[in-house]
Amino acid sequence: MLDRLVVEDFLDAEFDDSSIEIPDNINKAELVETFALYVENDLYEWLKDNFSSFFDHIDSDWSWVEDTIARYKREEPTHFVANSNNPSQVRPSDGDTQ
């Protein structure tokens, strides 16, 4: 799910900004892959938790979801395209990473 090059760039930047050095006995490619898998696993759990929280607020007519969608469209309009009825056309803005 995560772009491994983005993960590697992130780790490089974090290591450069800190006193952390990768030991010689740790393969960098394996470190990048392991860190990415670790984050993906955590992300999946986070998504499940947020799914429960998000949908606990729904009443029978989904008015809370509708209001939340409207609020995000107002606050973050660059994240939505003209035809938001088609989820495949809703895309992050150019500045976002996936």
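**Exercise 1. What percentage of the 98 residues in the protein chain do buried residues make up?**

Solution. The model is a predicted one. Buried residues make up 8% of the 98 residues in the chain. As for secondary structure, the chain has three helices and zero strands, and the order from the N terminus is α-α-α.

**Exercise 2. State which helix has the lowest confidence and which the highest, then find where pLDDT stays under 50.**

Solution. Step one: the mean pLDDT of the protein chain is 84, with 78% of its residues at 70 or more. Step two: among the helices, H3 (residues 63–75) is lowest at a mean of 90, and H1 is highest at 96. Step three: pLDDT stays under 50 over residues 94–98, a stretch for which the model has three contacts beyond four places in sequence. Where pLDDT is low, the predicted coordinates should not be read in detail.

**Exercise 3. Classify the arrangement of helices H1 and H2 from the angle at which their axes cross.**

Solution. Step one: the axes of H1 (residues 4–16) and H2 (residues 28–56) come within 10 Å and cross at roughly 105 degrees. Step two: angles of 65 to 115 degrees count as roughly perpendicular, so H1 is roughly perpendicular to H2. Step three: the residues that meet include Val7, Leu11 and Phe15 in H1 and Val32, Phe35 and Ala36 in H2. By class, this contact has nine nonpolar, no polar and six charged residues.

**Exercise 4. Which residues make up the largest nonpolar core, and which helix gives the most to this core?**

Solution. Step one: the core consists of five residues, namely Val7, Leu11, Phe15, Val32 and Ala36. Step two: H1 and H2 each supply at least two of them, and H1 gives the most, with three. Step three: take Val7 as one member. With neighbours within four places in sequence set aside, Val7 is in contact with Leu2, Val32, Phe35 and Ala36. In soluble globular proteins, nonpolar side chains tend to be buried together.

**Exercise 5. Is Glu40 buried or exposed?**

Solution. Step one: Glu40 is located in helix H2. Step two: its relative accessibility is 13%, and therefore Glu40 counts as buried, the cut-off being under 20%. Step three: outside its neighbours within four places in sequence, Glu40 is in contact with Met1, Leu2 and Arg4. Step four: between Glu40 and Met1 there are 7.1 Å in space, C-alpha to C-alpha, although the two are 39 residues apart in sequence.

How values were computed
Residues numbered from 1 in each chain as written. Predicted model: local features only at pLDDT ≥ 70, side-chain atom pairs only at ≥ 80, totals over all residues. Heavy atoms only, no water. Axes fitted to C-alpha atoms, helices over the stretch in contact; angles between N-to-C directions. Helix = DSSP H or I, 4+ residues; strand = E, 2+ residues; numbered from the N terminus. Parallel < 35°, antiparallel > 145°, perpendicular 65-115°, else oblique. Contact = heavy atoms within 4.5 Å. Nonpolar A, V, L, I, M, F, W, Y, C, P; charged D, E, K, R; others polar. Core = buried A, V, L, I, M, F, W, Y, C linked by side-chain atoms within 4.5 Å. Buried < 20%, exposed > 50% of the residue type's maximum accessible area, 1.4 Å probe, protein only. pLDDT = per-residue confidence, 0-100.
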